[in-house]
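Q: I am new to this structure and would like a close look at a single part of it. Could you walk me through that part and what surrounds it, step by step?

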Amino acid sequence: MITKNAVKRDYECVIMSDNTVTCTVKTPVALQIGDVKTDSRPGIYVIDITFPPGQTINIQEISFKNYYTAFLMVRLLRRDPKSSENAVKWVTGLQKYHLMPKPHAEGGSQDYFSIYRQQMLVEPDDVTSIRLILRQPSSVWLNFTLEDIKIRECGNEDSEKNLSSWFSSFTPVEQPPDLKEGLPDPQQVSSSIQQMWALTEVMQTNQSAARIGRFDVDGCYDINLLSYT
């Protein structure tokens, strides 16, 4: 026998920054398999997320904080692109995604997670509703759920253009002068250094070859500089 028990209350996610869409996170519903008298603890919770009527989104990211949920399945209600009557169909976006490596241990029990569209089994486009199926096989934890659920949609071209124009409205920061334009040609500098080096070698050679006497001044001797022994 399967019974449903609603816990907590619905809440709306209306934060519009960073492409976060307006959505309503429904009350988690517990699905209990077996005899209620012998096993009062549910092992599955279902959380439905809906969007305003007539609105469809292209999902970029689903983020949330875990609270002792071991496995997660994501189901998407999206419009069938092959249908001419805009019919909707449930598809599996994610199958048994591990949130806790070991359900009986604390690891991952209260971590933040983000699921991106690249991880989905199907393209999460034209989605009208999301169903999160939470599983916890361990009887160690009395309760489990997901908190702080946010849905972000893909950015469109118009928003990117608006963002680009917004950045361009700022006064550009003064760029430092380009030092390359004021520097001389490296080859000319190298040639000049070589010429200076050659001239220095010639001068040193001439100085070492010339013999300078102790009291010799322009080829003559100054008598005042002579010392008598």
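**A close look at strand 10**

A: Let's start with one pairing: Ile 44 has Arg 135 as its bridge partner in strand 10. Please keep in mind that this is a predicted model. Ile 44 belongs to strand 5, which covers residues 44-50 and is joined to strand 10 by seven bridges, the two running antiparallel.

Strand 10 also pairs with strand 7, residues 71-79, and here eight bridges join the antiparallel strands. One of the facing pairs is Leu 76 with Ile 130, the latter in strand 10. As general background, the strands of a sheet pair through backbone hydrogen bonds, in a parallel or an antiparallel way.

How covered is strand 10 itself? Of the nine residues in this strand, which spans 127-135, seven are buried, so "mostly covered" is a fair description. Thr 128 is a good residue to zoom in on, as it is found in strand 10. Its relative accessible area is 17%, and because buried means under 20%, Thr 128 counts as buried. Leaving aside residues up to four places away in sequence, Thr 128 touches Thr 50, Phe 51, Gln 55, Thr 56, Leu 77, Arg 78, Arg 79 and Val 88. Among these contacts, Thr 50 is in strand 5, residues 44-50, while Leu 77, Arg 78 and Arg 79 are in strand 7, residues 71-79.

Now let's follow strand 5 to its aromatic side chains. The model has four aromatic pairs. In one of them, the ring centres of Tyr 45 and Phe 144 are 4.9 Å apart and the planes stand at 75°, so this pair is edge-to-face. Tyr 45 is part of strand 5, whereas Phe 144 is in the loop between strand 10 and strand 11, so the pair ties together parts 99 residues apart in sequence. Both rings belong to buried residues: Tyr 45 has 8% relative accessibility, and Phe 144 has 1%.

A second pair makes a nice contrast. The rings of Phe 64 and Phe 113 have centres 5.9 Å apart and planes at 25°, so they are stacked. This pair, too, links distant parts of the chain, with Phe 64 in strand 6 and Phe 113 in strand 9, 49 residues apart. Phe 64 is buried at 1% relative accessibility, and Phe 113 is buried at 16%.

Those two strands lead us to a neighbouring topic, the three-stranded sheet. Its strands form an open sheet in the order 9-6-11, with antiparallel pairing. Strand 9 (112-116) and strand 11 (145-153) are at the edges and have a single partner strand each, so one side of each has no neighbour in the sheet. On average, neighbouring strands of this sheet are turned by 20° against each other, direction ignored. Strand 6, residues 59-67, is joined to strand 11 by seven bridges in an antiparallel arrangement. Within that pairing, Ile 59 stands opposite Glu 153 of strand 11.

Two further ring features round off the tour. Tyr 67, Tyr 68 and Trp 141 are linked by ring pairs into a cluster. Back in strand 7, which begins at residue 71, the ring of Phe 71 has the charged end of Lys 96 sitting over it, 5.1 Å from the ring centre.

To sum up, strand 10 pairs with strand 5 through seven bridges and with strand 7 through eight, and seven of its nine residues are buried.

Note on methods
Residues are numbered from 1 along each chain as its sequence is written. This is a predicted model: local features need pLDDT of at least 70, side-chain atom pairs count only at pLDDT 80 or more; totals for chains, interfaces and linings use all residues. Side-chain values use heavy atoms; hydrogens and water are left out. Two strands pair if DSSP finds at least two bridges between them. Helices (H or I, at least four residues) and strands (E, at least two) are DSSP runs, numbered from the N terminus. Axes are lines fitted to C-alpha atoms, for helices over the stretch in contact, and angles run from 0 to 180 degrees between N-to-C directions. Buried means under 20% relative accessible area, exposed over 50%, partly exposed in between (1.4 Å probe, protein chains only). Rings of Phe, Tyr and Trp (its six-membered ring) pair if their centres lie within 6.5 Å; planes under 30 degrees apart count as stacked, over 60 as edge-to-face and the rest as tilted. A charge sits over a ring if NZ of Lys or CZ of Arg is within 6 Å of the ring centre and within 35 degrees of the ring normal. Contact means heavy atoms within 4.5 Å.
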